[in-house]
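Student: Hi! Could you walk me through this one?
Tutor: Happy to, let's have a look together.
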Amino acid sequence: MMWRSNQTAVPAIVCEVNLEHFGQGLTNLGDYSRALVVFRLRGTVVGQAWVPVRDGTIAADILRQHLPALAWSSWQQIMHAKRQPTSDPLVASVVVCTRDRTEDLSRCLPGLQRLSALGHEVIVIDSCPSDSRTAELVANYPSIRYIHEPRPGAGIARNRGLLAATKEFIAFTDDDAQVDAEWLPSLLRNFDDPLVAIVTGITMPLELETYAQIWFEENHGFGRGFVRKSFDATTIEPLAAGLVGASVNMAVRRSVLQHIGLFDEALGPGTPAGSGEDHEFYFRTLTRGYRIVYDPTALVWHRHRREWDALRRTIYGYGVGVFAWWTRAFLAESEWTLLKIAPSWFWQHHLRNLKNAALRRPGSIPLDLALAEFRGALAGPGAYLRSRQRLRELSSLVPIKSERLSVRQGLPTLAIEQTKLSVAEVLEVDLPTPRVVDQLPTSIADIAEEQ
Amino acid sequence: MSQTPVVSIIIPTHNRRQLLMQNLSALSGQTYAATDFEVLVVADSCADDTAAFVRAYASQTPFRLRLLQHSAKSAAATRNLGASHAEGAIFLFLDDDVIAQPDFVRVHVEAQFEDSVVLGYSKPMLSRRPSWWQYDARRWWEDTFREMANPGHRFSYRNFFSGNVSMAASLFQRVNGFDMSFTGRLEDYELGVRLLKAGARFCYVPAAIGYHYDNTDLARWLRRIRQEGVADVQIGQRHPELRALMFGDLSEPPEWTLATIRRIAFAFPALGDMLERRMLGVATLCEQLKLRYRWQQILRALREYNYWRGVATAIGTRSALSSWMQEGPVPSAPSNNVPTIDMVRLPSATNLQEILSHGTNLGLRLLLDGVEIMTLAPDPGAEPLREEHLHHKVQQLAQYQFVPALALNLARSMQGNSYAD
């Protein structure tokens, strides 16, 4: 435990301040010696600050010192709220994928039940559960649909959700997250631009009780800032799609799936690839000419892993995931630039982190985490190919295709489109065939193509 | 079929039989009464069996379908030919590759008012495997339409797209229709200039949806850009006041790469064309290797080259362009002549109208208690300045600059609601 000796693992309290009335400051903060203060303006988050706590209180003056830093994001959000056209509120499907985390899910569901009371559809995908506890929990919520998915893998579970959903907009959150009251409408209002295929939101920590949680929030986190951003393939390199958000907090426009395809089922937690199903999906969205908007007014609270071992596994999974989905992008999408990008990222990020951690340079990350990420990155490409192999075995066990292609009420028929895989053909790798939702007048599209 | 139709839909077409038939069948399923509109298909130099198919189809359509043919190889002449035979009180110009949605005709008719030009939403549709250029083009179209949908958008002749637009027949005839001397491109922009001069009010109606199955690609687009260079000179010849707007201040050198490209376009066309072909090949290679940034750079260069090559073809040398620019009206008047509005001392409603009408041609400065916060350059190609245009501009600016927006809010609160709405 050498690597942890010089770290200050002081628990912090997460508390909120409304800019409209923070009058006397914060009180009753218990024994905590510092706090992560989340500032809200008109209900939406506009910034955060790490603030020391004295005798269980934070004085208003200390909070006030942080105000200038909030000016820009506050302003941007006011301007953005002003620009929004007043149209009928959209209804959406909300999909939560869960696997053996019933206790977390029990904290997640009440917030979603409130959404279903507003007319939204809520679906829980129970991914390869080892017992029936989740099914029993969801049974307590008659308005929430429960779907059992026997095959493990986040990509599989999310696709199951996409196909089960009946609304045009499909929002995703995770079982270890809790959604804020304005979360869904904030995501949905960004779809007024027909090119916006995906909207992601901001994710803040639910609690910072252990060193693992604090380390994750300070070093990794899900924070993408407090200003709305719009991404497309001309403003961001699609291979850096991780910058636009994560699947814990996002919404997808259903009609674009016919151009983008579904999630790659060989990626994500629950597969050998560990993670990356969301980032690979963003990558395809961007390369297909669509936009992804990051809107920080859509807030989700996430409970980071409490145990250090779980954090290390997560970090390992991130390392695997990046190189796994890059492998897919190289094989299936002929992204030749990866021959340059992947080694240089490995060199500049992973190797350097590892070196700094080994030398205990100031600001370096703990050695075991650096090592985990490094090992993950090395394992990535192989893990992806293994994951595809496993997926083939799974699909031979479960007759998924006939089940997947069933037509749901009021929804277009699903068809499979074979993508031409140039590199893959050469290497004789079996690569994902994105399922494609066929609904637009393709006959005309074909005609236009012929001419 | 004896009664006079309300709307005449004019569809120019050139060797696109299959798409045209889709287009006509979409018009058969309109929510607007089929007896109240007629369709004129104007076939220009068609070498396929368009004519035979349209004639055969005419007996099946619920609306009156007429076929006109000529060999002019000109979109302007083709649309004018259709208009000269049209009998409706409203002309609706529709491109053969724009597939009308069921409410299309009804929305166009209901949006009409006096001297209105109703611009519809041609939603760009992609083919199965679009190229990068097609993705870019879709983004451009969608963004352009979204900007036009903004209540404070100031329309200019560059918003006049002839693929999905309707206006009163009398208005079209009053401005003498399309200019037949435009054989290449931009005959629609030129008509837009004359319509705005004639006092037409442009309005964008997003509900008039046609799916636009455009099959343009990079090489063809570059040829069009070259034709646009030629056409911009033509527009400048007919409307000298637009020269400065289109060709900018030539004395001010742009960045050196663009300046070099422009020089090559004027002085070394043979070298330029050779380089252009090479660069087009490199662009294709970049797309295959997924080198996005490099591809964008090359595209910018190719666009610049082809545009100025077109200009050079139309006007000759750089010095000829400069002297031609001198003949036009001097671009901008000295700054003390420009009308100003001080937000802290807002003018009365009638004064505001007068200032705005001057600002239409001279530009406008917005002040906050004597401090300038925004300048609107004169835009002779746009519609007369109205109050909502200012709101829109300030709001756009405000996104990235605090002060003007605070000023606007301050002024509004100080003056009550006299300025807002």
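Tutor: One definition before we begin: a helix axis here is a line fitted to C-alpha atoms over the stretch in contact, and angles run from 0 to 180 degrees between N-to-C directions. Keep in mind that this is a predicted model.
Student: Okay! At what angle do α10(A) and α11(A) pack?
Tutor: Helix α10 (residues 308–333) and helix α11 (residues 338–358) of chain A pack at about 165 degrees, and their axes are 11 Å apart. Angles over 145 degrees count as roughly antiparallel, so α10(A) and α11(A) are roughly antiparallel to each other.
Student: Which residues of α10(A) make the contact?
Tutor: Phe323(A), Trp326(A), Ala329(A) and Phe330(A) do. From α11(A), the contact residues include Leu338(A), Trp345(A) and His350(A).
Student: And how many of them are nonpolar, polar or charged?
Tutor: By class, there are 10 nonpolar residues, 1 polar and no charged ones.
Student: New topic: how many disulfides are there?
Tutor: The structure has 0 over all chains. Take Cys97(A): the closest cysteine sulfur, in Cys108(A), is 11 Å away, too far for a bond.
Student: Is Cys97(A) buried or exposed?
Tutor: Cys97(A) is buried, at 11% relative accessible area.
Student: What about phi, which sign do most residues have?
Tutor: Most residues other than glycine have a negative phi. Asp100(A), though not a glycine, has a positive phi of about 55 degrees.
Student: Where does Asp100(A) lie?
Tutor: In chain A, in the loop between β4 (92–98) and α3 (102–117). Asp100(A) is partly exposed, with a relative accessible area of 34%.

Terms used: Residues are numbered from 1 along each chain as its sequence is written. Chains are lettered from A and ligands numbered from 1 in the order in which they are written. This is a predicted model: local features need pLDDT of at least 70, side-chain atom pairs count only at pLDDT 80 or more; totals for chains, interfaces and linings use all residues. Side-chain values use heavy atoms; hydrogens and water are left out. Helices (H or I, at least four residues) and strands (E, at least two) are DSSP runs, numbered from the N terminus. Angles under 35 degrees count as roughly parallel, over 145 as roughly antiparallel, 65 to 115 as roughly perpendicular and the rest as oblique. Contact means heavy atoms within 4.5 Å. Ala, Val, Leu, Ile, Met, Phe, Trp, Tyr, Cys and Pro count as nonpolar, Asp, Glu, Lys and Arg as charged, and the others, Gly among them, as polar. A disulfide is a pair of cysteine sulfur atoms within 2.5 Å. Buried means under 20% relative accessible area, exposed over 50%, partly exposed in between (1.4 Å probe, protein chains only).
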